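Visitor: Could you take me through one part of this model closely, the helix packing? I would like the cut-offs along with the picture.

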Amino acid sequence: MSQFSSLGSGSATQGWLCWKAPLMMLRRLYFATPGLFYAVVAVRSAMGLGLILAASSSRWPRTLRALGAVVCLQGLSATLLGLDHARAIMEWEGMQGSALLRAGAAVALASGGFIVFAVTQGPSEEQRKTAH
């Protein structure tokens, strides 16, 4: 479970860094080349699958599975919509100002904190009893 705690910590750290100083340029690097774009899609999909697999031994299995499914769908939708669409979204986000970026950072920070909370300790006795 420590690797998933690290995943949550990484997401929370990314959210905090983007909140303090929006790192739009770093996000733009994802879309610099098709190879890097699809590598990021693969990592995102793997992270979602990891959350789904880790959910059964967490405090909040249903919520963690749902979060993992959303992360997997982000990777799938990016693949289906393509690199040009992703670049257009990044341009649109850049024109909206820092409020939208900070909202995304808040979501990353909250979801990362939730992942750390959910996987650092296994399910309670009551949750184990109701699961069987």
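Guide: Happily; what follows starts with the whole chain and then turns to the helix pairs.

This is a predicted model, in which local features need pLDDT of at least 70 and side-chain atom pairs count only at pLDDT 80 or more, while totals for chains, interfaces and linings use all residues. Residues are numbered from 1 along each chain as its sequence is written, and side-chain values use heavy atoms, leaving out hydrogens and water.

The protein chain has seven helices and zero strands (DSSP runs numbered from the N terminus, with H or I over at least four residues for helices and E over at least two for strands). Its mean pLDDT, the predictor's confidence in each residue from 0 to 100, is 76, and 67% of the residues score at least 70. Among the elements, helix H1 (residues 2-20) has the lowest mean, 53, and H4 the highest, 90. Where pLDDT is low, the predicted coordinates should not be read in detail.

Now to H4 and its partners. The axes of helix H3 (residues 34-54) and helix H4 (residues 61-81) come within 7 Å and cross at roughly 160°; axes are lines fitted to C-alpha atoms, for helices over the stretch in contact, and angles run from 0 to 180 degrees between N-to-C directions. That makes H3 roughly antiparallel to H4 (angles over 145 degrees count as roughly antiparallel, under 35 as roughly parallel, 65 to 115 as roughly perpendicular and the rest as oblique). In the contact (heavy atoms within 4.5 Å), H3 brings residues including Phe37, Val41, Met47 and Leu51, and H4 residues including Leu64, Val71, Cys72 and Ala78. The residues of this contact divide into 14 nonpolar, six polar and two charged (Ala, Val, Leu, Ile, Met, Phe, Trp, Tyr, Cys and Pro are nonpolar, Asp, Glu, Lys and Arg charged, and the others, Gly among them, polar).

Met47 in H3 is worth a pause. At 33% relative accessibility, Met47 counts as partly exposed (buried is under 20% relative accessible area, exposed over 50%, partly exposed in between, with a 1.4 Å probe and protein chains only). The C-alpha atoms of Met47 and Cys72 are separated by 7.6 Å, with the two residues 25 apart along the chain.

H4 also meets helix H6 (residues 98-120): their axes come within 11 Å and cross at roughly 140°, and the two are therefore oblique to each other. Thr63, Leu64 and Leu67 of H4 touch Ser111, Phe114, Ile115, Ala118 and Val119 of H6. That contact divides into six nonpolar, two polar and no charged residues.
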